[in-house]
Amino acid sequence: MIRPQMSLLARTALLLSLLAAPGLASAEVGGLHLDVTPFGGYGVWAKEVNLANRGMFGGRVGIGFGRHVALEGSYGWMKTHTIYGNGDSLFAAASQTPSTQQSVRLYGVDLVLNLMPKSGFNPYVLGGWHEEKIVATGTSQRTFMSGPEVGGGFKLGMGEKTALRLEIRDKLWEFSSPPTPTPPGERRLHNLFVSAGIQFSIGGSTTDKDADLDGVPDRLDQCPNTPAGTLVDSHGCPLDSDGDGVLDGADRCPNTPLGTKVDANGCPIVLDSDGDGVLDNIDQCPNTPAGTQVDAKGCPLVVDSDGDGVADDKDLCPYTPAGIKVDSDGCPITLTDRETELLDKGSITTREIHFDTAKWDILPESRVVLDDIGGTLIQWPRLRIEVGGHTDARGSVAYNQDLSQKRAQAVLDYLLQKFPNIERVQYVAKGYGEGVPVASNKTVEGMAKNRRVEFKVLNVEELTKERARRHMLRKGE
(Lines give C-alpha, C1' and ligand atoms only; values in the text may rest on other atoms or scores of the structure.)
Protein backbone atom coordinates (compact mmCIF):
# COMPACT_ATOMS: atom_id res chain seq x y z
CA MET A 1 0.00 0.00 0.00
CA ILE A 2 1.33 3.44 -0.88
CA ARG A 3 -1.51 5.63 0.35
CA PRO A 4 -0.10 6.52 3.85
CA GLN A 5 3.25 7.61 2.47
CA MET A 6 1.77 9.68 -0.37
CA SER A 7 -0.74 11.29 1.96
CA LEU A 8 2.11 12.40 4.25
CA LEU A 9 3.98 13.89 1.28
CA ALA A 10 0.89 15.76 0.10
CA ARG A 11 0.31 17.25 3.54
CA THR A 12 3.96 18.28 3.78
CA ALA A 13 3.87 19.93 0.36
CA LEU A 14 0.70 21.85 1.19
CA LEU A 15 2.16 23.14 4.47
CA LEU A 16 5.38 24.28 2.79
CA SER A 17 3.49 26.02 0.00
CA LEU A 18 1.42 27.98 2.53
CA LEU A 19 4.54 29.02 4.40
CA ALA A 20 6.29 30.19 1.26
CA ALA A 21 6.21 33.97 1.28
CA PRO A 22 5.63 35.87 -2.00
CA GLY A 23 8.90 37.72 -1.51
CA LEU A 24 11.10 34.59 -1.55
CA ALA A 25 13.81 34.47 -4.17
CA SER A 26 13.32 32.72 -7.47
CA ALA A 27 13.92 28.97 -7.48
CA GLU A 28 15.89 29.29 -10.71
CA VAL A 29 18.70 31.57 -11.78
CA GLY A 30 19.22 32.89 -15.27
CA GLY A 31 21.93 32.07 -17.78
CA LEU A 32 24.01 28.92 -18.01
CA HIS A 33 24.42 27.39 -14.57
CA LEU A 34 24.86 24.16 -12.61
CA ASP A 35 22.21 22.72 -10.24
CA VAL A 36 23.22 20.25 -7.51
CA THR A 37 20.44 18.58 -5.48
CA PRO A 38 21.10 16.07 -2.66
CA PHE A 39 17.84 14.32 -1.76
CA GLY A 40 16.16 11.67 0.32
CA GLY A 41 12.99 9.79 -0.55
CA TYR A 42 10.83 6.71 -0.52
CA GLY A 43 10.30 4.07 -3.21
CA VAL A 44 6.96 2.37 -3.78
CA TRP A 45 7.27 -0.61 -6.15
CA ALA A 46 4.50 -1.89 -8.35
CA LYS A 47 2.49 -4.69 -6.71
CA GLU A 48 3.88 -7.22 -9.17
CA VAL A 49 7.50 -6.46 -8.16
CA ASN A 50 9.03 -8.79 -5.56
CA LEU A 51 10.71 -5.95 -3.58
CA ALA A 52 9.76 -4.23 -0.32
CA ASN A 53 9.07 -0.45 -0.26
CA ARG A 54 11.95 1.34 1.39
CA GLY A 55 13.64 4.73 1.79
CA MET A 56 16.41 5.91 -0.48
CA PHE A 57 18.90 8.75 -0.88
CA GLY A 58 20.98 10.22 -3.67
CA GLY A 59 21.81 13.27 -5.66
CA ARG A 60 21.09 15.05 -8.93
CA VAL A 61 23.31 17.23 -11.10
CA GLY A 62 21.80 19.38 -13.81
CA ILE A 63 22.87 21.96 -16.35
CA GLY A 64 20.43 24.90 -16.51
CA PHE A 65 19.98 26.64 -19.83
CA GLY A 66 18.38 29.83 -18.54
CA ARG A 67 15.50 29.84 -16.12
CA HIS A 68 13.12 27.42 -17.83
CA VAL A 69 15.00 24.36 -19.07
CA ALA A 70 17.61 22.04 -17.56
CA LEU A 71 19.16 18.69 -18.47
CA GLU A 72 19.62 16.63 -15.33
CA GLY A 73 21.30 13.35 -14.36
CA SER A 74 20.34 11.55 -11.16
CA TYR A 75 21.76 8.75 -9.00
CA GLY A 76 20.15 7.04 -6.01
CA TRP A 77 20.68 4.06 -3.72
CA MET A 78 18.20 1.90 -1.85
CA LYS A 79 18.65 -1.14 0.40
CA THR A 80 15.62 -3.47 0.41
CA HIS A 81 14.71 -7.23 0.31
CA THR A 82 12.55 -9.60 -1.61
CA ILE A 83 9.13 -10.40 -0.29
CA TYR A 84 8.54 -13.96 -1.60
CA GLY A 85 11.95 -15.64 -1.31
CA ASN A 86 15.09 -15.72 -3.35
CA GLY A 87 13.89 -17.11 -6.60
CA ASP A 88 15.82 -16.16 -9.69
CA SER A 89 13.10 -13.73 -10.74
CA LEU A 90 12.07 -10.44 -9.09
CA PHE A 91 8.58 -11.50 -10.04
CA ALA A 92 8.49 -14.91 -8.41
CA ALA A 93 5.31 -16.13 -6.78
CA ALA A 94 5.01 -16.67 -3.03
CA SER A 95 7.62 -19.08 -1.67
CA GLN A 96 8.51 -20.59 1.64
CA THR A 97 12.16 -19.81 1.16
CA PRO A 98 13.68 -16.90 3.12
CA SER A 99 13.78 -13.46 1.54
CA THR A 100 17.09 -12.04 0.38
CA GLN A 101 18.62 -8.62 0.80
CA GLN A 102 18.76 -6.52 -2.35
CA SER A 103 20.80 -3.42 -3.19
CA VAL A 104 19.23 -1.13 -5.76
CA ARG A 105 21.13 1.52 -7.75
CA LEU A 106 18.90 4.03 -9.56
CA TYR A 107 20.19 6.35 -12.28
CA GLY A 108 18.76 8.25 -15.20
CA VAL A 109 18.74 11.36 -17.37
CA ASP A 110 15.79 13.80 -17.59
CA LEU A 111 14.76 17.04 -19.22
CA VAL A 112 13.31 19.44 -16.60
CA LEU A 113 10.87 22.22 -17.51
CA ASN A 114 10.28 24.97 -14.91
CA LEU A 115 6.78 26.40 -15.24
CA MET A 116 7.11 29.49 -12.98
CA PRO A 117 10.86 30.01 -12.63
CA LYS A 118 10.64 33.60 -11.36
CA SER A 119 8.13 32.83 -8.63
CA GLY A 120 8.90 31.83 -5.06
CA PHE A 121 6.67 28.83 -5.76
CA ASN A 122 7.91 27.15 -8.95
CA PRO A 123 6.13 24.00 -10.23
CA TYR A 124 8.01 21.87 -12.76
CA VAL A 125 7.63 18.73 -14.86
CA LEU A 126 10.27 16.27 -16.09
CA GLY A 127 10.69 13.32 -18.40
CA GLY A 128 13.53 11.03 -19.48
CA TRP A 129 15.02 7.57 -19.24
CA HIS A 130 15.95 5.54 -16.16
CA GLU A 131 17.64 2.27 -15.25
CA GLU A 132 17.82 0.27 -12.02
CA LYS A 133 20.62 -2.15 -11.17
CA ILE A 134 19.36 -4.70 -8.62
CA VAL A 135 21.97 -6.89 -6.88
CA ALA A 136 21.18 -9.71 -4.47
CA THR A 137 23.49 -9.48 -1.46
CA GLY A 138 26.08 -12.26 -1.29
CA THR A 139 25.40 -13.49 -4.83
CA SER A 140 26.44 -12.65 -8.32
CA GLN A 141 22.87 -12.18 -9.43
CA ARG A 142 22.38 -8.90 -11.34
CA THR A 143 19.14 -7.62 -12.74
CA PHE A 144 18.80 -4.49 -14.90
CA MET A 145 15.43 -2.85 -15.42
CA SER A 146 14.90 0.34 -17.51
CA GLY A 147 12.33 2.41 -19.29
CA PRO A 148 10.92 5.91 -19.54
CA GLU A 149 10.15 8.00 -16.50
CA VAL A 150 7.93 11.05 -15.95
CA GLY A 151 7.37 13.22 -12.95
CA GLY A 152 6.89 16.60 -11.48
CA GLY A 153 7.01 18.67 -8.35
CA PHE A 154 7.68 22.16 -7.14
CA LYS A 155 10.48 24.28 -5.76
CA LEU A 156 10.19 26.74 -2.91
CA GLY A 157 12.75 29.53 -3.10
CA MET A 158 14.83 29.80 0.06
CA GLY A 159 17.47 32.26 -1.18
CA GLU A 160 18.94 33.70 -4.33
CA LYS A 161 20.39 30.33 -5.40
CA THR A 162 18.79 27.85 -3.03
CA ALA A 163 15.43 26.07 -3.20
CA LEU A 164 13.57 23.30 -1.39
CA ARG A 165 12.58 20.69 -3.98
CA LEU A 166 9.69 18.19 -3.59
CA GLU A 167 8.78 15.76 -6.36
CA ILE A 168 7.29 12.46 -7.44
CA ARG A 169 8.54 10.21 -10.29
CA ASP A 170 6.98 7.28 -12.09
CA LYS A 171 9.67 4.83 -13.22
CA LEU A 172 8.10 2.56 -15.80
CA TRP A 173 9.36 -0.98 -16.33
CA GLU A 174 8.62 -2.19 -19.79
CA PHE A 175 8.81 -5.75 -21.12
CA SER A 176 8.64 -7.41 -24.47
CA SER A 177 7.62 -11.02 -25.15
CA PRO A 178 9.88 -12.52 -26.14
CA PRO A 179 12.33 -12.15 -24.45
CA THR A 180 11.16 -13.54 -21.18
CA PRO A 181 10.47 -13.34 -18.32
CA THR A 182 7.07 -11.82 -18.62
CA PRO A 183 5.72 -10.74 -15.24
CA PRO A 184 2.16 -11.40 -14.27
CA GLY A 185 -0.25 -8.63 -15.12
CA GLU A 186 0.43 -5.76 -17.48
CA ARG A 187 3.49 -5.39 -19.64
CA ARG A 188 4.22 -1.90 -18.16
CA LEU A 189 4.71 -1.52 -14.41
CA HIS A 190 4.58 1.79 -12.53
CA ASN A 191 7.07 2.29 -9.71
CA LEU A 192 6.59 5.53 -7.79
CA PHE A 193 9.35 7.41 -6.00
CA VAL A 194 8.81 10.49 -3.88
CA SER A 195 11.67 12.69 -2.68
CA ALA A 196 12.63 15.93 -1.00
CA GLY A 197 15.92 17.75 -1.48
CA ILE A 198 17.74 21.06 -1.47
CA GLN A 199 18.75 22.47 -4.85
CA PHE A 200 21.91 24.58 -4.94
CA SER A 201 22.62 26.62 -8.08
CA ILE A 202 26.17 27.46 -9.10
CA GLY A 203 26.88 30.24 -11.59
CA GLY A 204 24.30 32.05 -13.66
CA SER A 205 22.63 35.29 -12.63
CA THR A 206 19.83 36.09 -10.23
CA THR A 207 18.52 39.02 -12.28
CA ASP A 208 17.81 39.69 -15.94
CA LYS A 209 20.29 41.78 -17.89
CA ASP A 210 19.58 45.49 -17.64
CA ALA A 211 21.99 47.35 -19.92
CA ASP A 212 20.77 50.88 -19.11
CA LEU A 213 20.39 50.16 -15.36
CA ASP A 214 16.86 51.54 -15.19
CA GLY A 215 15.51 48.58 -13.23
CA VAL A 216 13.63 47.07 -16.20
CA PRO A 217 15.17 43.93 -17.77
CA ASP A 218 16.30 44.33 -21.36
CA ARG A 219 13.77 41.78 -22.57
CA LEU A 220 10.94 44.01 -21.27
CA ASP A 221 12.58 47.40 -21.86
CA GLN A 222 10.82 49.34 -24.62
CA CYS A 223 13.24 52.27 -24.18
CA PRO A 224 16.60 50.48 -23.88
CA ASN A 225 18.91 53.51 -23.84
CA THR A 226 17.40 55.56 -20.99
CA PRO A 227 19.93 58.06 -19.51
CA ALA A 228 21.32 57.15 -16.10
CA GLY A 229 19.22 58.34 -13.16
CA THR A 230 16.02 58.79 -15.17
CA LEU A 231 12.86 57.44 -13.54
CA VAL A 232 10.99 55.02 -15.80
CA ASP A 233 7.64 53.25 -16.01
CA SER A 234 7.10 49.48 -16.12
CA HIS A 235 8.11 49.47 -19.81
CA GLY A 236 11.43 51.19 -19.10
CA CYS A 237 10.38 54.48 -20.68
CA PRO A 238 11.13 57.87 -19.03
CA LEU A 239 8.52 59.48 -16.78
CA ASP A 240 7.48 63.14 -16.85
CA SER A 241 4.81 63.21 -14.15
CA ASP A 242 4.05 66.94 -14.30
CA GLY A 243 4.17 67.13 -18.10
CA ASP A 244 6.62 70.05 -18.20
CA GLY A 245 8.99 68.43 -20.70
CA VAL A 246 11.72 67.71 -18.11
CA LEU A 247 12.09 64.04 -17.17
CA ASP A 248 11.42 63.13 -13.54
CA GLY A 249 14.97 62.06 -12.72
CA ALA A 250 16.30 65.51 -13.68
CA ASP A 251 13.27 67.57 -12.62
CA ARG A 252 14.10 69.65 -9.55
CA CYS A 253 10.52 70.93 -9.35
CA PRO A 254 8.50 67.73 -9.96
CA ASN A 255 5.06 69.17 -9.14
CA THR A 256 4.98 72.15 -11.53
CA PRO A 257 1.36 73.10 -12.43
CA LEU A 258 0.33 72.00 -15.90
CA GLY A 259 1.10 74.63 -18.54
CA THR A 260 3.77 76.45 -16.54
CA LYS A 261 6.85 77.57 -18.47
CA VAL A 262 9.92 75.97 -16.94
CA ASP A 263 13.70 76.16 -17.23
CA ALA A 264 16.09 73.31 -17.97
CA ASN A 265 15.73 72.04 -14.39
CA GLY A 266 11.94 71.83 -14.64
CA CYS A 267 11.38 74.83 -12.35
CA PRO A 268 8.95 77.64 -13.23
CA ILE A 269 10.30 80.64 -15.13
CA VAL A 270 9.12 83.65 -13.16
CA LEU A 271 7.35 85.87 -15.70
CA ASP A 272 4.90 88.66 -14.94
CA SER A 273 4.54 90.51 -18.22
CA ASP A 274 1.99 93.07 -17.04
CA GLY A 275 3.67 93.65 -13.68
CA ASP A 276 0.54 93.02 -11.62
CA GLY A 277 2.20 90.55 -9.24
CA VAL A 278 0.54 87.47 -10.74
CA LEU A 279 2.71 85.11 -12.82
CA ASP A 280 1.82 84.76 -16.49
CA ASN A 281 1.04 81.04 -16.26
CA ILE A 282 -1.93 81.68 -13.93
CA ASP A 283 -2.77 85.25 -14.99
CA GLN A 284 -6.25 85.17 -16.52
CA CYS A 285 -6.09 88.87 -17.39
CA PRO A 286 -2.56 89.15 -18.83
CA ASN A 287 -2.73 92.76 -20.08
CA THR A 288 -3.88 94.58 -16.96
CA PRO A 289 -2.98 98.32 -17.11
CA ALA A 290 -0.08 99.33 -14.88
CA GLY A 291 -1.09 100.23 -11.33
CA THR A 292 -4.42 98.36 -11.41
CA GLN A 293 -5.24 96.40 -8.30
CA VAL A 294 -5.85 92.74 -9.17
CA ASP A 295 -7.10 89.55 -7.53
CA ALA A 296 -5.29 86.19 -7.26
CA LYS A 297 -6.12 85.44 -10.91
CA GLY A 298 -4.56 88.70 -12.11
CA CYS A 299 -7.89 90.33 -12.96
CA PRO A 300 -8.79 93.88 -11.82
CA LEU A 301 -10.41 94.21 -8.42
CA VAL A 302 -13.68 96.09 -8.24
CA VAL A 303 -12.75 98.67 -5.58
CA ASP A 304 -15.37 101.07 -4.24
CA SER A 305 -13.58 103.08 -1.57
CA ASP A 306 -16.53 105.28 -0.60
CA GLY A 307 -19.09 102.47 -0.79
CA ASP A 308 -21.47 104.35 -3.06
CA GLY A 309 -21.89 101.48 -5.52
CA VAL A 310 -19.63 102.97 -8.21
CA ALA A 311 -16.15 101.43 -8.67
CA ASP A 312 -13.25 103.79 -8.04
CA ASP A 313 -12.01 103.59 -11.62
CA LYS A 314 -15.38 105.03 -12.77
CA ASP A 315 -16.20 107.21 -9.77
CA LEU A 316 -15.94 110.93 -10.57
CA CYS A 317 -16.59 111.73 -6.90
CA PRO A 318 -14.61 109.01 -5.10
CA TYR A 319 -15.00 110.40 -1.57
CA THR A 320 -18.75 110.76 -1.28
CA PRO A 321 -19.89 110.66 2.39
CA ALA A 322 -21.66 107.50 3.49
CA GLY A 323 -25.39 107.36 2.84
CA ILE A 324 -25.43 109.99 0.08
CA LYS A 325 -27.44 109.06 -3.00
CA VAL A 326 -25.24 109.26 -6.10
CA ASP A 327 -25.66 109.16 -9.86
CA SER A 328 -24.02 106.71 -12.27
CA ASP A 329 -20.77 108.67 -12.03
CA GLY A 330 -20.66 108.32 -8.26
CA CYS A 331 -21.43 112.01 -7.59
CA PRO A 332 -24.13 113.19 -5.19
CA ILE A 333 -27.52 113.76 -6.81
CA THR A 334 -28.56 116.25 -4.11
CA LEU A 335 -25.95 118.98 -3.58
CA THR A 336 -25.17 120.66 -0.29
CA ASP A 337 -25.27 124.45 -0.04
CA ARG A 338 -21.50 124.65 -0.31
CA GLU A 339 -21.46 122.35 -3.35
CA THR A 340 -24.13 124.46 -4.97
CA GLU A 341 -22.15 127.62 -4.23
CA LEU A 342 -18.99 126.08 -5.70
CA LEU A 343 -20.82 124.91 -8.83
CA ASP A 344 -22.72 128.16 -9.41
CA LYS A 345 -20.12 130.77 -8.43
CA GLY A 346 -16.89 128.86 -8.99
CA SER A 347 -15.83 129.48 -5.40
CA ILE A 348 -16.70 129.05 -1.73
CA THR A 349 -16.44 132.09 0.48
CA THR A 350 -16.48 131.95 4.29
CA ARG A 351 -16.11 134.55 7.03
CA GLU A 352 -16.41 131.95 9.77
CA ILE A 353 -12.73 131.08 9.93
CA HIS A 354 -11.21 133.07 12.79
CA PHE A 355 -7.60 133.64 13.85
CA ASP A 356 -5.89 135.08 16.90
CA THR A 357 -5.60 138.87 16.56
CA ALA A 358 -2.65 139.86 14.34
CA LYS A 359 -1.78 136.13 14.06
CA TRP A 360 -2.47 133.21 11.74
CA ASP A 361 -3.32 130.59 14.39
CA ILE A 362 -6.74 129.11 13.58
CA LEU A 363 -9.14 129.24 16.51
CA PRO A 364 -10.66 125.87 17.55
CA GLU A 365 -14.24 126.87 16.80
CA SER A 366 -13.29 127.41 13.13
CA ARG A 367 -12.29 123.79 12.59
CA VAL A 368 -15.89 122.64 12.14
CA VAL A 369 -16.26 125.07 9.25
CA LEU A 370 -12.99 123.94 7.65
CA ASP A 371 -13.96 120.28 8.03
CA ASP A 372 -17.21 120.95 6.20
CA ILE A 373 -15.44 122.79 3.37
CA GLY A 374 -12.73 120.11 3.11
CA GLY A 375 -15.39 117.39 2.89
CA THR A 376 -16.88 119.27 -0.06
CA LEU A 377 -13.63 119.89 -1.90
CA ILE A 378 -12.50 116.23 -1.88
CA GLN A 379 -15.62 115.42 -3.90
CA TRP A 380 -14.06 117.35 -6.79
CA PRO A 381 -10.62 115.80 -7.20
CA ARG A 382 -10.10 117.25 -10.69
CA LEU A 383 -10.50 120.89 -9.60
CA ARG A 384 -7.52 123.14 -8.99
CA ILE A 385 -8.24 125.32 -5.96
CA GLU A 386 -6.72 128.57 -4.76
CA VAL A 387 -7.04 129.27 -1.03
CA GLY A 388 -7.17 133.07 -0.88
CA GLY A 389 -6.71 135.14 2.29
CA HIS A 390 -8.26 138.68 2.57
CA THR A 391 -7.99 141.35 5.29
CA ASP A 392 -9.54 144.74 6.03
CA ALA A 393 -7.62 148.01 5.63
CA ARG A 394 -6.36 148.37 9.18
CA GLY A 395 -2.57 148.34 9.26
CA SER A 396 -0.11 148.92 6.47
CA VAL A 397 -0.53 147.38 3.04
CA ALA A 398 2.65 145.32 3.42
CA TYR A 399 1.61 144.07 6.82
CA ASN A 400 -1.83 143.05 5.63
CA GLN A 401 -0.36 141.32 2.56
CA ASP A 402 2.00 139.22 4.71
CA LEU A 403 -0.69 138.41 7.29
CA SER A 404 -3.19 137.26 4.65
CA GLN A 405 -0.58 135.05 3.00
CA LYS A 406 0.25 133.32 6.27
CA ARG A 407 -3.41 132.85 7.15
CA ALA A 408 -4.19 131.35 3.71
CA GLN A 409 -1.24 128.97 4.10
CA ALA A 410 -2.42 127.97 7.59
CA VAL A 411 -5.86 127.09 6.18
CA LEU A 412 -4.30 124.98 3.38
CA ASP A 413 -1.98 123.22 5.82
CA TYR A 414 -4.95 122.30 8.00
CA LEU A 415 -6.89 120.85 5.04
CA LEU A 416 -3.92 118.81 3.83
CA GLN A 417 -3.42 117.36 7.30
CA LYS A 418 -7.09 116.66 7.90
CA PHE A 419 -7.82 115.28 4.40
CA PRO A 420 -4.82 113.24 3.18
CA ASN A 421 -6.70 112.37 -0.01
CA ILE A 422 -6.40 115.93 -1.22
CA GLU A 423 -3.78 116.21 -3.96
CA ARG A 424 -1.27 118.84 -2.86
CA VAL A 425 -0.38 119.79 -6.45
CA GLN A 426 -4.02 120.80 -7.07
CA TYR A 427 -3.97 123.47 -4.32
CA VAL A 428 -2.23 126.81 -3.83
CA ALA A 429 -2.36 129.43 -1.04
CA LYS A 430 -2.35 133.13 -1.88
CA GLY A 431 -2.63 136.24 0.30
CA TYR A 432 -4.39 139.29 -1.18
CA GLY A 433 -4.15 141.56 1.89
CA GLU A 434 -6.61 144.50 1.61
CA GLY A 435 -6.32 144.65 -2.17
CA VAL A 436 -9.63 143.01 -3.14
CA PRO A 437 -12.32 144.49 -0.86
CA VAL A 438 -15.97 143.55 -1.31
CA ALA A 439 -17.28 146.33 0.97
CA SER A 440 -16.22 149.71 2.41
CA ASN A 441 -13.41 149.60 4.99
CA LYS A 442 -14.85 152.75 6.61
CA THR A 443 -17.49 150.88 8.57
CA VAL A 444 -17.29 148.02 11.01
CA GLU A 445 -19.73 145.99 8.94
CA GLY A 446 -17.71 146.58 5.78
CA MET A 447 -14.43 145.58 7.38
CA ALA A 448 -16.08 142.36 8.69
CA LYS A 449 -17.14 141.47 5.13
CA ASN A 450 -13.63 142.09 3.78
CA ARG A 451 -12.03 139.68 6.33
CA ARG A 452 -12.69 136.39 4.54
CA VAL A 453 -11.21 133.20 3.07
CA GLU A 454 -12.12 132.23 -0.51
CA PHE A 455 -11.69 128.80 -2.14
CA LYS A 456 -11.65 129.66 -5.85
CA VAL A 457 -11.65 127.25 -8.79
CA LEU A 458 -8.74 127.94 -11.14
CA ASN A 459 -9.68 125.47 -13.92
CA VAL A 460 -13.22 126.66 -14.50
CA GLU A 461 -13.59 124.45 -17.58
CA GLU A 462 -14.05 121.50 -15.21
CA LEU A 463 -16.98 123.32 -13.62
CA THR A 464 -18.43 123.90 -17.06
CA LYS A 465 -18.33 120.17 -17.76
CA GLU A 466 -19.93 119.42 -14.43
CA ARG A 467 -22.70 121.95 -15.01
CA ALA A 468 -23.47 120.35 -18.39
CA ARG A 469 -23.44 116.88 -16.88
CA ARG A 470 -25.85 117.88 -14.16
CA HIS A 471 -28.09 119.61 -16.68
CA MET A 472 -28.36 116.34 -18.65
CA LEU A 473 -28.97 114.45 -15.43
CA ARG A 474 -31.93 116.69 -14.57
CA LYS A 475 -33.38 116.19 -18.04
CA GLY A 476 -33.21 112.43 -17.56
CA GLU A 477 -34.89 112.42 -14.18
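**A tour from lysine 155 to the α3–α4 crossing**

Select lysine 155 to begin: its relative accessibility is 2%, and because buried means under 20%, this lysine counts as buried. Keep in mind throughout that the model is predicted. Lysine 155 belongs to strand β6, which you can highlight by selecting residues 142-159.

Next, show the side chains around this residue. What does the side chain of lysine 155 make a polar contact with at 2.3 Å? The partner is the side chain of glutamate 28, and a further polar contact, at 3.2 Å, links the side chain of lysine 155 to that of asparagine 114.

Now zoom out to the whole chain, where six helices and 12 strands can be coloured separately. Of its 477 residues, 40% are buried, and among contacts between residues at least 6 apart in sequence, 55% join residues at least 24 apart.

From there, select helix α3 (residues 367-377) together with helix α4 (residues 397-418), whose axes come within 10 Å and cross at roughly 65°. Since angles of 65 to 115 degrees count as roughly perpendicular, α3 is therefore described as roughly perpendicular to α4. The crossing of these two helices, α3 and α4, is right-handed.

Finally, display the side chains where the helices meet: on the α3 side pick Arg367, Leu370, Asp371, Gly374 and Leu377, and on the α4 side Val411, Tyr414, Leu415 and Lys418. The residues of this contact between α3 and α4 comprise five nonpolar, one polar and three charged, a division that colouring by residue class should let you follow on screen.

How values were computed:
Residues are numbered from 1 along each chain as its sequence is written. This is a predicted model: local features need pLDDT of at least 70, side-chain atom pairs count only at pLDDT 80 or more; totals for chains, interfaces and linings use all residues. Side-chain values use heavy atoms; hydrogens and water are left out. Axes are lines fitted to C-alpha atoms, for helices over the stretch in contact, and angles run from 0 to 180 degrees between N-to-C directions. Helices (H or I, at least four residues) and strands (E, at least two) are DSSP runs, numbered from the N terminus. Angles under 35 degrees count as roughly parallel, over 145 as roughly antiparallel, 65 to 115 as roughly perpendicular and the rest as oblique. A crossing is left-handed if the near helix is turned anticlockwise from the far one by less than a right angle, and right-handed if clockwise. Contact means heavy atoms within 4.5 Å. Ala, Val, Leu, Ile, Met, Phe, Trp, Tyr, Cys and Pro count as nonpolar, Asp, Glu, Lys and Arg as charged, and the others, Gly among them, as polar. Buried means under 20% relative accessible area, exposed over 50%, partly exposed in between (1.4 Å probe, protein chains only). A polar contact is a pair of N or O atoms within 3.5 Å; within protein, one must be able to donate a hydrogen and the other to accept it, and residues adjacent in sequence count only if both atoms are side-chain atoms.
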